[in-house]
2 protein chains.
Amino acid sequence: MAVPTPPWQRPTRSVPVRPRLTQQGIVDQALTLLAKEGLDAVSMRRVAQALGTGPASLYAHLRNKEELYQLMLDQLLGEVVVPEPDPEFWREQLKELIRSMVRLMTSHPGSAQLAIATTVPTGPNALRVTEGTLAILRVGGLSDRAMAFAADLIATYTSALALEAGTWADAVLDPAGVEERIRQIHDYLAVLPRDRFPLIVALAGSLTEGSGEERFDFGLDVLVAGLERVSGTA
Amino acid sequence: MAVPTPPWQRPTRSVPVRPRLTQQGIVDQALTLLAKEGLDAVSMRRVAQALGTGPASLYAHLRNKEELYQLMLDQLLGEVVVPEPDPEFWREQLKELIRSMVRLMTSHPGSAQLAIATTVPTGPNALRVTEGTLAILRVGGLSDRAMAFAADLIATYTSALALEAGTWADAVLDPAGVEERIRQIHDYLAVLPRDRFPLIVALAGSLTEGSGEERFDFGLDVLVAGLERVSGTA
DNA sequence: CCAGGGTTTCGAACGGTGTTCGGTGGGCGA
DNA sequence: TCGCCCACCGAACACCGTTCGAAACCCTGG
């Protein structure tokens with residue numbers, strides 16, 4: 001170990017360079033870790049290690065891991081821009097908002113799990129996005145109750161979409177591998193007993209083909225069309 | 001079989017009664033554990049313990065925990081009954097199918113997380129449900145491609161709905177506690193700065209009120225109406 | 001300028017997790 | 001009956017989130 005510091009030498013500041021721990025600093029480090037190695041790597045130990053300290057040190061700035069997750073999610077949501085609602089284009093605006101959120105989440109592997117794992121987000125940015133969503137829905141002509149329910153629905157739906165998209169991107173991180181896996185599933189479906197699963201066998205192609213983009217747009221169309229239909233209801 | 005054990009010799013068979021470990025037995029035990037204590041309790045150790053053995057013993061019957069989850073999910077899906085498709089009532093049938101799946105999941109705390117956590121389910125019961133869904137969608141007049149995409153969408157959507165419903169039921173398991181928590185959120189939303197979050201403040205009531213049932217039915221209506229609208233598309 | 005006190009830091013530990021390894025023992029085919 | 005095979009399981013590895021208590025630090029009041 002280190003030689004004891006001589007008395008005449010000013011006590012060398014034990015850890016001179018590293019700035020004091022900050023909640024912001026912890027969250028930043030956690031997010032870089034998330035971007036680099038996925039959600040599994042974001043453990044209290046790993047984050048602390050990346051900051052050059054031990055896990056116990058984090059608990060002065062965070063109540064627990066759940067709080068860290070909430071803060072990470074809200075920081076990510078800060079990147080989402082919410083448009084000024086335009087009554088003529090509310091459908092496109094809503095789709096674009098959802099699209100950008102899903103894009104954000106899929107570009108940060110594991111953040112979808114984070115969004116799902118976290119309980120009702122009440123951070124400043126989550127509120128901002130919610131407010132923006134409500135504004136778009138209002139110019140879309142939805143009733144108050146429908147707006148509220150729809151906002152909830154959209155949040156859930158968005159996380160689910162991102163999570164599903166992330167399932168593929170996250171596990172493999174290798175386009176060729178994904179393609180291979182999809183081909184495997186297709187072949188498996190196509191070879192099932194035709195008498196018990198006639199539709200699956202017949203639609204094996206459609207079930208597995210189509211980029212994520214297409215399926216995703218389909219989901220958006222269904223959502224928006226459905227909202228428009230029931231706009232007065234509830 | 002062998003010579004009867006002499007009366008003076010105490011029963012040698014170390015654990016005579018317990019049947020040999022079976023994949024089915026393990027899954028059953030895991031499901032009872034899930035029902036009783038939630039998903040967090042379903043660890044390899046706890047399951048093994050409940051079977052009177054150690055965690056290592058399970059790995060002779062399961063590749064890993066992920067496989068256990070898949071098997072549990074598929075076993076649960078066995079309870080879902082898929083109706084004979086009726087062209088006149090396909091909307092109601094679809095809603096009822098989704099409703100029963102979500103009911104199933106919410107009645108088994110944590111199984112929604114299980115459905116989300118699991119990658120594309122390909123167990124026999126999952127296939128059966130998928131086949132049934134496709135059949136209903138077909139009599140609903142959807143194109144092949146739309147059927148395929150919609151089936152995917154419904155699976156995602158269902159898990160998301162169940163997960164959301166489960167977020168409340170799972171964490172607390174105490175109705176009074178949930179109500180209290182909802183009231184807290186309502187009060188928090190109502191007291192936000194009105195200039196930055198006018199809609200949230202105004203709709204604080206609608207955002208937090210309404211039983212899960214109502215919000216859920218709203219989501220179903222949106223989904224089915226949307227599907228009907230885009231039935232020819234894609 | 002110094003003392004005191006609150007805050008921050010952090011090594012160590014507790015009780016959990018999934019999974020692997022290597023040995024053992026019992027049932028079954030030859 | 002022998003020998004093999006494989007389910008079984010104790011032990012261990014490398015993690016995890018969180019808590020405790022003592023040390024180190026900084027700011028404030030005197």
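**Figure 1. Close-up of the protein surface around DNA strand C.** Helix α2 (residues 44-50) of chain B contributes most to the surface near DNA strand C, giving 3 residues. Here "near" means that the C-beta atom of a residue, placed from the backbone, lies within 6 Å of the strand or molecule, while helices are DSSP runs of H or I with at least four residues and strands are runs of E with at least two, numbered from the N terminus. Around DNA strand C there are 18 residues, and those that come nearest are Leu21(A), Thr53(A), Ala56(A), Ser43(B) and Asn64(B). Sorted by class, this surface holds 9 nonpolar, 5 polar and 4 charged residues. The classes count Ala, Val, Leu, Ile, Met, Phe, Trp, Tyr, Cys and Pro as nonpolar, Asp, Glu, Lys and Arg as charged, and the others, Gly among them, as polar.

A word on conventions: this is a predicted model, in which local features need pLDDT of at least 70 and side-chain atom pairs count only at pLDDT 80 or more, whereas totals for chains, interfaces and linings use all residues. Residues are numbered from 1 along each chain as its sequence is written, with chains lettered from A and ligands numbered from 1 in the order in which they are written.

**Figure 2. Close-up of the protein surface around DNA strand D.** Which residues come nearest to DNA strand D? They are Ser43(A), Asn64(A), Leu21(B), Thr53(B) and Ala56(B), out of 21 residues around the strand. Helix α2(A) supplies the largest share of this surface, with 3 residues. The class count near DNA strand D is 9 nonpolar, 7 polar and 5 charged residues.

**Figure 3. Close-up of His61(A) and its surroundings.** Look for His61(A) in the loop that joins α2 (44-50) to α3 (65-77) in chain A. Is His61(A) buried or exposed? His61(A) is partly exposed, because 16 other C-beta atoms lie within 10 Å; 20 or more would make a residue buried, 12 or fewer exposed, and anything in between partly exposed, with C-beta atoms placed from the backbone. Setting aside residues up to four places away in sequence, His61(A) touches Leu21(A), Thr22(A), Gln23(A) and Ile26(A), where a contact is a pair of residues whose C-beta atoms, placed from the backbone, lie within 7 Å. His61(A) and Gln23(A) are 38 residues apart along the chain, yet their C-alpha atoms are separated by 5.5 Å.

**Figure 4. Close-up of Gln23(B) in helix α1.** Gln23(B) sits in helix α1 (residues 23-37) of chain B. Gln23(B) counts as partly exposed because it has 14 C-beta neighbours inside 10 Å. Apart from residues up to four places away in sequence, Gln23(B) touches His61(B) and Leu62(B). From Gln23(B) to Val81(B), 58 residues along the chain, the C-alpha atoms are separated by 24 Å.

**Figure 5. Close-up of Glu84(A) in its loop.** Glu84(A) is placed in the loop between α3 and α4 (90-107) of chain A. Glu84(A) is exposed, since 9 other C-beta atoms lie within 10 Å. Its C-alpha is 38 Å from that of Ser43(A), and the two residues are 41 apart in sequence.

**Figure 6. Close-up of the contact between chains A and B.** Chain B and chain A each bring 48 residues to the contact. On chain B, the helices that each supply at least two residues include α6 (124-139), α8 (175-190) and α11 (212-229). Helix α7(B) gives the most to this side, with 15 residues. By class, the side of chain B that touches chain A has 28 nonpolar, 11 polar and 9 charged residues.

**Figure 7. Close-up along the relation between the two copies.** A turn of 180° and a shift of 0.1 Å along the axis lay chain B on chain A with an RMSD of 0.2 Å, the copies being superposed by least squares on the C-alpha atoms of residues with pLDDT of at least 70 in both. This is the relation of a two-fold axis. In chain B, Gly226(B) has the C-alpha nearest the axis, 1.8 Å from it. Both copies use the same surface, and 100% of the contact residues of chain B recur in chain A.

Technical notes:
Two residues are in contact if their C-beta atoms, placed from the backbone, lie within 7 Å.
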